[in-house]
Amino acid sequence: MSSLQFDIAHLLAGSLVLASFMMLYQDRLYALLNVYAVHAGVLALSVAWQAYVQQAPHLYVTALIALVFKAIIIPVALHRIIKRLGIHREIENVIGIGLTMMAGIGLVALSMVVMLRVTPGADALAREDLAFALSVVLLGLLIMVTRRNAVSQVVGFMSLENGLVLAATGAKGMPLVVEISVAFSVLIAFIVIGIFLFRIRERFDSVDMQALDRFRGERR
Amino acid sequence: MSIDVLSAILVIPAVSAALLVILPGYRQTAKLNVVAAFATFLTSLSLFVVEPVSGQYLLVDDLNKVFIVLTTFVSFTTSVFSASYIQHEIEIGRLTPTFLRFYHAMYQTLMFAMNLALVANNIGLMWVAVEVATLTTVLMVGIYRTHEALEAAWKYFILGSVGIALALFGTILVYMAARPVVGEGLDGMVWTVLVKHAAQFDPALLNVAFVFLLLGYGTKVGLAPLHAWLPDAHAEGPTPISAVLSGLLLNVALYALLRFKMMLAVNLAAIAPGPLMVTMGLISVIFASLMLYRRRDIKRMFAYSSIEHMGIIVFAFGMGGPLANFAGLLHMTMHSLTKSAIFFAVGHIAQVKGTQKIADIGGLTVTNPVLGWGLMLGVIAIVGLPPLGIFMSEFLVVSSTFARAPWLTVILVLGIIIALGGLLLRIGSVMFGEPKGPTAPAEASYVPMFTHLALVLMAGLYLPPVLVTGFQNVAKLLG
């Protein structure tokens with residue numbers, strides 16, 4: 001592999017981590033969705049580049065799904081849901097932005113240390129891809145735990161799945177089964193989420209998870 | 001012919017799920033649900049007669065035969081219970097016929113997904129199946145659409161998805177470890193191929209992969225730090241689903257974990273998965289048994305008891321060796337049968353009393369003697385009192401591990417005793433004491449509950465030699 005090919009793959013995967021960081025400090029739902037769209041767009045580019053480098057045409061399908069479904073359809077749909085629910089206010093972070101960013105940096109460092117140490121045998125591209133992918137997964141988890149709003153938790157989860165797709169495409173020659181399944185699961189997950197959001201809207205005045213917490217099954 | 005049996009286990013639930021979406025009328029669909037579950041159970045029994053050929057996607061060996069037969073049997077009995085349970089729900093208007101159609105279709109989809117996870121020879125396919133099973137149960141937990149049910153379903157969905165995502169990352173890492181040895185493409189995900197070559201895999205990568213798989217599938221098993229979804233999902237969903245969740249779905253996730261454990265065992269340079277599993281198992285046992293004391297909701301209480309028992313099972317499998325594996329396998333079977341029987345009883349009791357609150361239920365042995373004594377028998381079994389099956393399996397777990405790790409076993413026994421105290425304390429007021437709440441006789445089907453309890457009692461008194469040799473073979477396979 002030429003060094004240019006490697007550099008571009010590196011750049012794209014790195015941008016994905018950067019986009020995850022940007023999602024961490026967005027405190028408005030619309031802004032969060034926009035950054036998520038960028039996140040998915042970068043993922044599409046990255047997957048397409050992998051398809052080109054590995055000469056694996058089926059990966060173009062994954063890239064296309066990422067572009068059309070994740071970067072366009074889902075953000076647009078969520079925009080409309082947010083509008084209908086009338087919740088385009090601020091997102092409350094559980095802990096402050098500074099602290100969240102520090103935690104994010106820590107997680108990225110952790111994933112670099114773990115992944116680079118255990119994969120000395122693998123080729124350089126796959127190694128770095130996995131390290132970046134793990135960072136995106138962990139940052140997605142961090143987004144989920146620092147948000148209370150149901151919509152932003154879902155966005156966090158979707159960014160986490162983007163990290164998984166990055167890992168799956170970085171693993172050269174991984175059977176198609178998995179790529180399709182990942183795309184498919186996102187679809188199902190979205191349907192489920194859609195139903196949930198609507199039902200939650202039916203029953204609650206807001207989709208704030210704190211409102212849900214009040215209805216704990218076991219009141220003391 | 002032989003391949004047909006294997007695919008029939010998947011085709012029957014899949015086709016019935018499609019049929020149940022189309023067909024109206026809840027009486028007929030409930031019957032169809034039972035018939036389909038029974039047909040699947042019969043088909044799974046035939047696995048012992050014909051020796052199916054394992055391919056690149058599907059696999060049958062001694063290990064998953066046990067799981068498949070247990071799964072299809074409990075799904076069948078649960079479908080019988082479900083038929084009488086939902087009739088009551090329709091009458092009091094908690095469920096509408098539309099939702100019921102959806103419920104039955106989801107029930108069969110869940111059967112399909114669990115069976116697929118059990119017969120999958122491809123770790124990617126297995127992951128997909130576990131994910132589908134998770135999503136169907138999420139939908140069913142939220143089916144009552146009350147505040148509590150929605151919260152439970154949402155929590156289950158979020159935590160389940162995170163677990164499933166971590167498991168996928170682990171799966172990808174396993175493929176990465178396998179690729180240099182078995183080459184690119186499909187072979188890198190076929191479990192039988194992986195096990196054959198696992199000795200040459202990069203141990204460091206396998207270690208990291210297993211940590212992710214343990215956290216991922218461990219969330220689905222309900223192991224202690226990751227269990228938060230489990231009590232809510234059990235308490236707020238329809239009771240047949242609580243029975244299936246506790247009795248079967250937790251086992252399916254455990255099965256996935258065991259497959260990867262077998263793979264790691266081949267590679268001597270990799271970390272031993274045992275100690276990790278033992279630790280998580282013990283934490284679950286202690287934590288869940290302490291939690292039993294503060295419970296006010298009867299279904300939630302038995303959900304915590306499920307966490308405790310999954311902890312015991314994971315502990316046994318983590319210790320490993322033919323004896324402990326045998327004990328773990330037996331305990332898993334006994335727990336599935338007993339816990340689903342308990343949920344059958346609890347479901348009808350909650351319907352009669354119109355509440356799940358322990359404080360509002362009392363004197364059951366007087367007002368509803370059959371249900372009351374049925375539940376009492378189930379509780380006696382689940383806390384591990386002789387002569388029932390769980391006493392024997394818990395005794396085997398303890399005796400097979402005591403010589404190797406006395407201190408760990410002492411902690412385990414302590415947990416079991418704490419749980420015994422907690423459950424008996426809470427159930428005492430429900431069973432005896434002043435009758436509370438409505439005392440109408442239950443329109444219940446007692447057959448599933450007492451079938452399970454009879455099997456558990458029988459296993460406690462006498463284990464058929466066929467079963468013993470069968471379990472011993474599996475225990476050897478597990479290493």
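## The B:Pro387 loop

In this predicted model, B:Pro387 sits in the loop of chain B that runs between α15 (369-382) and α16 (389-402). The peptide bond that joins B:Pro386 to B:Pro387 is cis, with omega at about 5°.

## How far to trust it

For the complex as a whole, the predictor reports a pTM of 0.90 and an ipTM of 0.85. Chain B comes with a mean pLDDT of 89, and 99% of its residues score at least 70. For chain A the mean is 77, with 74% of residues scoring at least 70.

Where in chain A is confidence lowest, and where is it highest? The low end is helix α8 (residues 209-213), with a mean of 53, while helix α1 (residues 3-24) is at the high end with 91. Two stretches of chain A have a pLDDT below 50. One is residues 201-207, which still makes 14 contacts in the model beyond near neighbours in sequence. The other is residues 216-220, with 10 contacts counted the same way.

## Chain A in outline

Chain A is built from 8 helices and 0 strands, so to speak an α-α-α-α-α-α-α-α pattern when you read along the sequence. Of its 220 residues, 45% count as buried. Take the contacts in chain A with a separation of 6 or more: 71% of them are between residues 24 or more positions apart.

## Helix α2 of chain A and its end

Helix α2 of chain A covers residues 29-54, which is 26 residues. At 1.5 Å a residue that should give a span of 38 Å, and the end C-alpha atoms are 37 Å apart, so the two agree.

A:Ala44 is part of this helix. Is A:Ala44 buried or exposed? It is buried, because 24 other C-beta atoms lie within 10 Å and the cut-off for burial is 20 or more. Setting aside neighbours within four places in sequence, A:Ala44 is in contact with A:Ala63, A:Ala66, A:Leu67 and A:Ala71. As for A:Leu59, it is 15 residues from A:Ala44 in sequence and 9.9 Å from it in space, C-alpha to C-alpha.

Just after α2 comes A:Gln55, with a positive phi of about 50°, although this residue is not a glycine. A:Gln55 belongs to the loop between α2 and α3 (58-85) of chain A. With 7 other C-beta atoms within 10 Å, A:Gln55 is exposed, since 12 or fewer is the limit for that label.

## The nonpolar core

The largest nonpolar core has 247 residues, and the members that touch the most others are B:Ala117, B:Ala129 and B:Val252. Which helix supplies the largest share of this core? That is helix α6 (residues 147-182) of chain B, with 24 residues. In general, nonpolar side chains of soluble globular proteins tend to be buried together.

Look at B:Ala129 and, beyond its neighbours within four places in sequence, you find contacts with B:Ala113, B:Leu116, B:Ala117 and B:Ala120.

## Helix α12 and B:Phe73 in chain B

Helix α12 of chain B (residues 298-319) has 22 residues and reaches 32 Å from first C-alpha to last, close to the 32 Å expected at 1.5 Å a residue. Of those 22 residues, 22 are buried, so α12 is largely enclosed by the rest of the structure. Just after this helix, B:Gly320 has a positive phi of about 70°.

Over in helix α3 (residues 62-91) of chain B you will find B:Phe73. With 25 other C-beta atoms within 10 Å, B:Phe73 is buried. B:Phe73 and B:Phe41 are 5.6 Å apart, C-alpha to C-alpha, with their positions 32 residues apart in sequence.

## Two helices that pack in chain B

Helix α13 (residues 321-353) and helix α18 (residues 447-461) of chain B pack with their axes 8 Å apart and at an angle of about 150°. The crossing of α13 past α18 is left-handed.

Which residues make this contact? From α13 they are B:Met334, B:Leu337, B:Thr338, B:Ser340, B:Ala341, B:Phe344 and B:Ala345. From α18 they are B:Pro448, B:Met449, B:His452, B:Leu453, B:Leu455, B:Val456 and B:Ala459.

Terms used:
Residues numbered from 1 in each chain as written. Chains lettered and ligands numbered in written order. Predicted model: local features only at pLDDT ≥ 70, side-chain atom pairs only at ≥ 80, totals over all residues. Helix = DSSP H or I, 4+ residues; strand = E, 2+ residues; numbered from the N terminus. Expected span 1.5 Å × (residues − 1). pLDDT = per-residue confidence, 0-100. Core = buried A, V, L, I, M, F, W, Y, C linked by C-beta atoms within 7 Å. Contact = placed C-beta atoms within 7 Å. Axes fitted to C-alpha atoms, helices over the stretch in contact; angles between N-to-C directions. Left-handed = near helix turned anticlockwise from the far one by under 90°.
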